[in-house]
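Q: Could you take me through a structure feature by feature, giving the general idea each time and then the case at hand?

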Amino acid sequence: QGVKQAKNFAEYLAEEILCSPKPVNVVINCGDIRRTYLFAEIIRKKLKQSSDFYNKNVRFSSVSQHPALFFRFSDAGKEQVYLDDYKKDENYAFVNWLEGKYKYTPDPAKVEAELEAWIREGLSKSSENAWTILVGVSHSFIVDTILVSKIRSHKKVIGLADFIKFVGGEMCYKEKWHTF
């Protein structure tokens with residue numbers, strides 16, 4: 001399923017790149033879990049294949065890890081309360097995390113600030129002569145949810161998350177709506 005999702009995303013992005021009147025730089029970052037690297041590499045290879053076929057001026061960086069996309073716990077073995085809550089209801093655990101109820105999870109404000117900085121860094125690479133597309137691949141409900149909630153306010157950022165949608169103060173995750 002992940003390979004199919006990566007290829008579908010790459011095809012979507014390739015259409016956007018092929019329509020660009022300017023040269024395009026593609027920067028792909030991933031988290032620290034191996035499957036995020038593999039997912040990102042599939043996207044890069046598929047995009048490169050399309051740009052080569054259509055002789056489009058696209059520059060690709062190699063896939064690299066970015067700390068803002070890491071799945072992090074201070075000490076995952078000690079955070080059994082979070083893991084138990086997460087198994088029962090992911091949204092409940094996420095809201096509790098935002099409220100600081102878990103001792104060994106990352107600080108929500110710090111994670112949010114890192115993601116905002118990553119977005120700003122990526123957007124700053126575009127210029128009048130070329131556009132930069134920043135792709136981030138994470139395997140963290142926390143990172144994905146914060147990122148999607150933040151990027152919906154950025155006009156130049158496209159947010160694609162398989163299961164997460166936001167409408168007003170509501171979040172839909174895996175077809176279930178929650179107050180957010």
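The dialogue below turns from the overall layout to salt bridges, surface, cavity and single residues.

Q: Before any detail, what kind of model is this?
A: This is a predicted model, and local features are reported for residues with pLDDT of at least 70, while side-chain atom pairs count only at pLDDT 80 or more.

Q: How many helices and strands does the chain have, and in which order do the elements run?
A: The chain has six helices and seven strands. Read from the N terminus, the order is α-β-α-β-β-α-α-α-β-α-β-β-β.

Q: What share of the residues is buried, and what does the accessible surface come to?
A: Of the 180 residues in the chain, 39% are buried, where buried stands for under 20% relative accessible area. The accessible surface is about 10,700 Å², and carbon and sulfur atoms account for 52% of that surface.

Q: What share of the contacts joins residues at least 24 apart?
A: If one takes the contacts between residues at least 6 apart in sequence, 67% of them join residues at least 24 apart.

Q: How should I read a salt bridge, and how many does the search find?
A: The general idea is that side chains of opposite charge can pair when their charged atoms come close. In this structure, a search of the whole model finds five salt bridges. One of them pairs Glu11 with Lys46, with 3.8 Å between the closest N and O atoms, which is within the 4 Å cut-off for such a pair.

Q: Which parts does the pair of Glu11 and Lys46 tie together?
A: Glu11 belongs to helix α1 (residues 2–18) and Lys46 to helix α2 (residues 34–53), so the salt bridge ties together parts that are 35 residues apart in sequence. Glu11 counts as partly exposed because its relative accessibility is 41%, and Lys46, at 21%, also counts as partly exposed.

Q: Where do the side chains of Lys101 and Glu121 find their partners?
A: Lys101 meets Glu99 in a salt bridge with an N to O distance of 3.3 Å, and both Lys101 and Glu99 are exposed. Glu121 pairs with Lys125, the closest N and O atoms being 3.9 Å apart. Glu121 is partly exposed, with a relative accessible area of 37%, and Lys125 is partly exposed as well, with 40%.

Q: Which residues make the nonpolar surface patch?
A: Leu18, Phe53 and Tyr54 make a nonpolar surface patch of about 360 Å². Phe53 is a residue of helix α2, and it counts as exposed because its relative accessibility of 66% is over the 50% cut-off.

Q: How many cavities of 30 Å³ or more does the structure hold, and which residues line the largest?
A: The structure holds one cavity of 30 Å³ or more, and about 40 Å³ of space lies in the largest cavity. Its lining consists of Ala14, Ile17, Leu18, Leu47, Ser50, Ser51, Val58 and Phe60. The elements that contribute two or more residues to this lining are α1, α2 and β2 (58–60). Leu18 thus appears in the cavity lining and also in the nonpolar patch.

Q: Is Ala93 buried or exposed, and what is it in contact with?
A: Ala93 has its place in helix α4 (residues 90–98), and it counts as buried because its relative accessibility is 0%. Leaving aside neighbours within four places in sequence, Ala93 is in contact with Tyr82, Asp85, Tyr86 and Tyr102. The C-alpha atoms of Ala93 and Leu83, which are 10 residues apart along the chain, are separated by 8.2 Å.

Q: How far apart in space are Leu38 and Val63?
A: Their C-alpha atoms are 9.4 Å apart, while the two residues are 25 residues apart in sequence. Leu38 is found in helix α2 and, with 38% relative accessibility, counts as partly exposed.

Q: How should I read the sign of phi, and what is the phi of Asn55?
A: As a general matter, most residues other than glycine have a negative phi. Asn55 has a positive phi of about 55° although it is not a glycine. Asn55 is found in the loop between α2 and β2, and it is exposed, with a relative accessible area of 71%.

Note on methods
Residues numbered from 1 in each chain as written. Heavy atoms only, no water. Helix = DSSP H or I, 4+ residues; strand = E, 2+ residues; numbered from the N terminus. Buried < 20%, exposed > 50% of the residue type's maximum accessible area, 1.4 Å probe, protein only. Contact = heavy atoms within 4.5 Å. Areas by Shrake-Rupley, 256 points an atom, 1.4 Å probe, with all protein chains shown as cover. Patch = residues over 30% accessible without salt bridge, like charges linked within 9 Å, V, L, I, M, F, W, Y side chains within 5 Å. 1 Å grid on protein atoms, 1.4 Å probe; cavity = no way out; pocket = protein on both sides within 12 Å on 5 of 7 lines; lining within 4 Å. Points joined across faces, edges and corners; volume = space filled by probe spheres on them.
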